Amino acid sequence: MACAARQATDAVGRAVAGMASPPAGALTPAQLRSAYNLKGTASGGRTVAIVDAYGYPNLERDLAAYRKQFGLPPCTTASGCLTIVNENGGKALPRFDLGWAQEQALDVDAVSAACPDCRIVVLQASTTEITSVGTAVQTAAKMHGVVAISNSYGGADASDDAYGKYYNVPGIAVTASAGDSGYQGGSYPATSSYVTAVGGTSLAPAPGTKRGWAESVWAGTGSGCSAFNDPLGAADEYGTGCDNRAMNDVSAASDPAHGGLAVYYPTSAASASWGQFGGTSEASPIVASVYALAGHTGSKAKGTYANSIPYEHSEALFDVQSGSNGTCTPALWCTAGPGWDGPTGLGTPNGTKGF
């Protein structure tokens, strides 16, 4: 498994990173909640779990800096708002890895931005093997209060027959990033029939328009069809063109340059600074947070999956209708249009009714 976080770069290709304050062009929590019509929503303290690999010793410190900067309520281990455990739920945490720690910073900041009152559980897997991160998903599913589990990583398309046991969690929203390499076909676990596959968009202010924001396909987002897994029954009427599982279901901001989130992230095992991050790693925790805000997953009957909910309420999403992430046949697997398309699925959150 590889994480799917990407740093924004400036006009000459330098990373928008190592800054003393949030980058001017980075998305703030207030902007994110405005763009997706989340103002005035609250979760009532529901919990979003984040599954990543390796350790991040200063996660709590850095999250506190992010939340203080934007006037969000504190979320600490002492208060019970923040929990950090290993893949089995224990306190012996794995070794530090800078890249994956930066991924975790993006994930916890994205949840904080989209759902400021959500509790957060971070599960740090010992390795990047699917068996390790999958074990963390199963651990998260057993933890009290968890209603959504975000997975900002992916690998080659794979079979639910082999790995679905990790992601088969009825009654909890399990989201997975689609990947950041454009149209390449399926990526697992996003191609699992048990998860909500999350693609990526470019998001920019659009003063003077009704919504106030413009959204199109992010060229880097993954999309495609699984070679192995069953199609979603809920998607039957949407004409995906896939004989098997179609990726994606929904989408959210991912373009590092246009919609990339301001993140307070580690630059070493001891230091941190501000930067601008995107990738479908941004989109997965955003969508998981919207599921938590909606609060519908726990009431679902045993044997049903949260990925069906957007298909039942597609009219409550922003339908992204422009942009492409590559060349493909049929075109809707890589080019946006009305209704379902591969890069953006059914669309992006418009409040919580679609989740």
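Student: How do the residues of the lining of the largest pocket divide into nonpolar, polar and charged?

Tutor: This model is predicted: local features need pLDDT of at least 70, side-chain atom pairs pLDDT 80 or more, while totals for chains, interfaces and linings use all residues. Numbering starts from 1 along each chain as its sequence is written, and side-chain values use heavy atoms, without hydrogens and water. A pocket is an open set of points on a 1 Å grid where a 1.4 Å probe fits, with protein on both sides within 12 Å along at least five of seven lines; lining residues have an atom within 4 Å of a point. Here the lining divides into 6 nonpolar, 12 polar (Gly among them) and 2 charged.

Student: Which element gives the largest share of the lining?

Tutor: Strand 1 (2-3) and strand 7 (153-156) each give two or more residues. Strands are DSSP runs of E, at least two residues, and helices runs of H or I, at least four. The largest share, 4 residues, comes from strand 7.

Student: Which element gives the largest share, 9 residues, of the largest nonpolar core?

Tutor: A nonpolar core joins buried residues (under 20% relative accessible area, 1.4 Å probe) through side-chain atoms within 4.5 Å. This core has 70 residues, and Leu261 is one of those that touch the most other members. Its largest share comes from helix 6.

Student: Is the disulfide of cysteine 115 and cysteine 118 left-handed or right-handed?

Tutor: A disulfide is a pair of cysteine sulfur atoms within 2.5 Å. These two lie 2.1 Å apart. The torsion about the S-S bond is about 80 degrees, so the link is right-handed.

Technical notes. Buried < 20%, exposed > 50% of the residue type's maximum accessible area, 1.4 Å probe, protein only.
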